[in-house]
Amino acid sequence: MQKKEIGQLLSLKKRLSDFKLLALDMDGTSLDSSGKLPIELINFVNRENFGDLIIVFATGRMPLAVYNSLERLNISKVVISHNGAVISNLENGKCYYENHVPSEIVQFSIELHKRFQVPLHLNLTNEVITDKITSMSKEYAKHLGINIKKGELSTIEETVISLLFLSEKSELDNILRQIMDKFKNFSYVLIPDKSFWLLQILPENTSKGEGVTHFAKILNILKEDIISFGDSYNDIEMLLNSGIGIAMGNSCEELKEIADYITLSNDENGVLKALQNLLL
C-alpha cells in the first residue's frame with residue numbers, strides 16, 4: 001500500500017467526529033521528547049467538540065505513570081496500560097480487564113536475571129520492584145515520573161503484570177531466546193529507549209492492539225470506527241486493529257510500513273496536525 005502524507009487525510013469522507021474511539025500512544029507520540037504533553041495539543045483537545053468520540057491513552061506505562069498527563073485533558077479516564085495487559089478507569093478505580101504473567105515465567109526470568117546480571121523490574125499494577133536500582137532503572141523511573149522500590153524479587157507474592165529487562169539489545173535477544181526455548185504462553189515487546197533497550201515480557205496474547213480491541217468490544221465499537229496513533233514496535237498491532245492507523249514522523253520504519261498515514265514527529269506536534277486535518 002502506498003503511504004499517504006497526513007495532508008491527504010482531507011480526502012477522507014470521515015471527519016474526526018465520525019469515529020467512535022481514538023487511541024493515543026504516549027511516549028514518542030502524544031508526548032514530546034521531554035516527556036510532556038504539548039500545550040497546543042492540550043488546548044485543542046479541551047476546546048474542541050468531538051461528538052461521541054472516546055479518547056483513551058494506550059501505553060506501555062503503568063496507570064500511575066499516566067495520571068499527570070491524563071489530569072490535564074478532558075477525556076475519558078479509561079487507560080489501556082501495560083501494553084494492553086490492564087484496562088482500567090483511573091477516576092473510579094473500575095477495572096475492565098487485567099492479565100498477568102504466569103508464575104513459572106516470573107521465576108525463570110528472575111533466574112536469568114541473576115545468571116546474566118541483566119537488570120530486571122517486576123511490574124505490578126501500580127508498582128515497580130527491583131533488587132538493584134541501577135543507572136538504567138533511575139533513568140527509566142525519571143522518564144516516567146515514578147518511584148521504583150527495592151526488594152527481593154523471588155519473595156514477591158503480588159500478581160506480576162509484566163517483566164521488564166533493561167540492557168543492550170544483544171543481551172536482551174539472548175534473554176528472550178532463553179525464555180522462548182522454555183515457554184510458549186507469553187507475549188513480549190522489544191523496543192529501544194533513549195540509551196538502552198527494553199524487553200517486556202507480557203501475558204499471553206497481550207498487545208496494545210488486543211487491548212484496544214477488547215475495550216472497543218465492551219463499547220460495541222467496530223474496527224472501522226477506531227483511529228489510533230503510535231510510533232514504535234509495540235504500536236503495530238494497534239494500528240493494524242484500527243480503521244485508520246497513523247504513524248508519527250519519528251516512528252520506526254516497520255510502523256510506517258503498515259500505517260495508513262504518516263504525520264509529523266512528536267516534537268512537531270504531529271498528533272495535533274493530524275487531528276486538525278480531520279476537523280476540516
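**Notes on pockets, cores and a few residues**

1. Starting with the second largest pocket: its lining splits by class into six nonpolar, six polar and four charged residues. (Ala, Val, Leu, Ile, Met, Phe, Trp, Tyr, Cys and Pro count as nonpolar, Asp, Glu, Lys and Arg as charged, and the others, Gly among them, as polar.) This pocket has a volume of about 250 Å³. Of the 16 residues that line this pocket, G35, R61, N68, S69 and L144 come closest to its centre. Helix 3 (67-70) and helix 5 are the elements that give two or more residues to this lining, and helix 5 gives the most, with three residues.

2. Ground rules before going on. This is a predicted model, where local features need pLDDT of at least 70, side-chain atom pairs count only at pLDDT 80 or more, and totals for chains, interfaces and linings use all residues. Residues are numbered from 1 along each chain as its sequence is written, and side-chain values use heavy atoms, with hydrogens and water left out. Helices (H or I, at least four residues) and strands (E, at least two) are DSSP runs, numbered from the N terminus.

3. How far to trust the coordinates: the chain averages a pLDDT (the predictor's confidence in each residue, from 0 to 100) of 93, and 95% of the residues score at least 70. Confidence bottoms out in strand 1 (residues 4-5), at a mean of 68, and peaks in strand 2 (residues 21-24), at 98. Where pLDDT is low, the predicted coordinates should not be read in detail.

4. Now the largest pocket, which holds about 630 Å³ of space. It is lined by 32 residues, and the closest to its centre are D27, H143, I191, P192 and D193. The elements giving two or more residues to this lining are helix 1 (26-30), helix 5 (135-144), strand 11 (186-192) and strand 12 (197-203). By class the lining holds 10 nonpolar, 13 polar and nine charged residues. On the method: over a 1 Å grid on the protein atoms alone, a pocket is an open set of points with protein on both sides within 12 Å along at least five of seven lines, a cavity is a set where a 1.4 Å probe fits but cannot get out, and lining residues have an atom within 4 Å of a point. Points are joined across faces, edges and corners, and a volume is the space filled by probe spheres set on them.

5. How many cavities of 30 Å³ or more does the structure hold? There are two. The largest cavity has about 50 Å³ of space, with G60, R61, M62, H82, N123, V128, Y140, L144, I146 and Q200 lining it. Those residues divide into five nonpolar, four polar and one charged. The second largest cavity has about 30 Å³ and is lined by L24, S30, L37, L41, V45, I55 and L73. Its lining has six nonpolar, one polar and no charged residues.

6. On packing, the largest nonpolar core (buried Ala, Val, Leu, Ile, Met, Phe, Trp, Tyr and Cys residues joined through side-chain atoms within 4.5 Å) has 32 residues, and L22, V45, I55, F57, I227, F229 and L275 have the most contacts inside it. Strand 2, helix 2 (39-47), strand 3 (54-58), strand 13 (226-230), strand 14 (244-247) and helix 10 (270-279) are the elements that give two or more residues to this core. Helix 10 gives the most, with five residues. Setting aside neighbours within four places in sequence, L275 is in contact (heavy atoms within 4.5 Å) with L16, L22, L41, F44 and F229. Apart from this core lies another, of 24 residues, including I105, I129, L163 and L176.

7. T206 sits in the loop between strand 12 and helix 7 (208-218). Is T206 buried or exposed? T206 counts as buried because its relative accessibility is 7%, the classes being buried under 20% relative accessible area, exposed over 50% and partly exposed in between (1.4 Å probe, protein chains only). Beyond four places in sequence, T206 touches H82, N83, G84, A85, N99 and S187.

8. V101 belongs to the loop between strand 6 and helix 4 (103-116), and at 2% relative accessibility V101 counts as buried. Not counting residues up to four places away in sequence, V101 touches V106, V160, I161, S162, L163, I201, L202 and P203.

9. Last, Y97 in strand 6 (residues 95-98). Y97 has a relative accessible area of 25%, so Y97 is partly exposed. Leaving out neighbours within four places in sequence, the contacts of Y97 are G84, A85, V86, I87 and H214. Y97 and F215 are 118 residues apart along the chain, with 8.6 Å between their C-alpha atoms.
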